[in-house]
Amino acid sequence: LQQEDIHEAVVVAQSHQGSERLVAYVSATAGTQAPLETQRIQRALHESLPDYMVPGIIVVLDALPLTPNGKVDRKALPAPELANINTYEAPEGDTEIALAGIWQEV
């Protein structure tokens, strides 16, 4: 919520294939011109939080679902799209290239 273009945010732990992962649900501040960039949000969170506290998935919604009491309705939050989670990223830099070579041999 400290980022100026984020109006609402909630983070929940969800189970997926036997492991727990953090999923953040965010909505943009009214009047925000560009859509929220999840990678930029994650980079900003990495600057102020330890790695284990940074959500692995960020879902952008128009507004968070609320209960009649005005609290976030966690049961009404949509399941995250998991199709892009296992996308390949080529190793960058000498260290990552060396580690990728070791794993390839193993």
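Here are a few exercises on the structure above, each with a worked solution.

Before you start, this is a predicted model: local features need pLDDT of at least 70, side-chain atom pairs count only at pLDDT 80 or more, and totals for chains, interfaces and linings use all residues. Residues are numbered from 1 along each chain as its sequence is written, and side-chain values use heavy atoms, with hydrogens and water left out.

**Exercise 1: the overall layout**

Work out which pattern the protein chain follows along the sequence.

Step 1. Start with the elements: helices (H or I, at least four residues) and strands (E, at least two) are DSSP runs, numbered from the N terminus. The protein chain has two helices and three strands.

Step 2. Now put them in order, and you get β-β-α-β-α.

**Exercise 2: how the strands pair**

Find the sense in which β2 pairs with β1, and the sense in which β2 pairs with β3.

Step 1. You need a rule for pairing: two strands pair if DSSP finds at least two bridges between them.

Step 2. Take β1 (residues 6-16) and β2 (residues 19-28): they're antiparallel, over 10 bridges. As an example, Gln 14 has Arg 21 in β2 as its bridge partner. The hairpin of β1 and β2 has two residues between the strands, and Gln 17 there takes a positive phi near 50°.

Step 3. Now go to β2 and β3, which pair in the parallel sense over five bridges. Here Val 23 has Ile 57 in β3 as its bridge partner.

Step 4. Is β3 enclosed or open? Buried means under 20% relative accessible area, exposed over 50%, and partly exposed in between (1.4 Å probe, protein chains only). Strand β3 (residues 57-61) has four buried residues out of five, so it is largely enclosed by the rest of the structure.

**Exercise 3: the salt bridge**

Identify the side chains that meet in a salt bridge, and say where in the chain they sit.

Step 1. Look for a side-chain nitrogen of Lys or Arg within 4 Å of a carboxyl oxygen of Asp or Glu. The structure holds one such salt bridge.

Step 2. The partners are Asp 5 and Arg 40, at 2.5 Å from N to O. They link distant parts of the chain: Asp 5 is in the segment before β1 and Arg 40 is in helix α1, 35 residues apart.

Step 3. Check how covered they are. Asp 5 is buried, at 16% relative accessible area, while Arg 40 is partly exposed at 29%.

Step 4. Asp 5 has another distant residue to look at: its C-alpha atom is 8.3 Å from that of Ala 30, 25 residues apart along the chain. Ala 30 lies in the loop between β2 and α1 and is exposed, with a relative accessible area of 74%.

**Exercise 4: inside and outside**

Decide whether Ile 41 is buried or exposed, then do the same kind of check for Ile 102.

Step 1. Ile 41 sits in helix α1. Its relative accessibility is 2%, so Ile 41 counts as buried.

Step 2. Ile 102 belongs to helix α2 (residues 93-105). At 49% relative accessibility, Ile 102 is partly exposed.

Step 3. Zoom out to the whole protein chain: buried residues make up 21% of its 106 residues.
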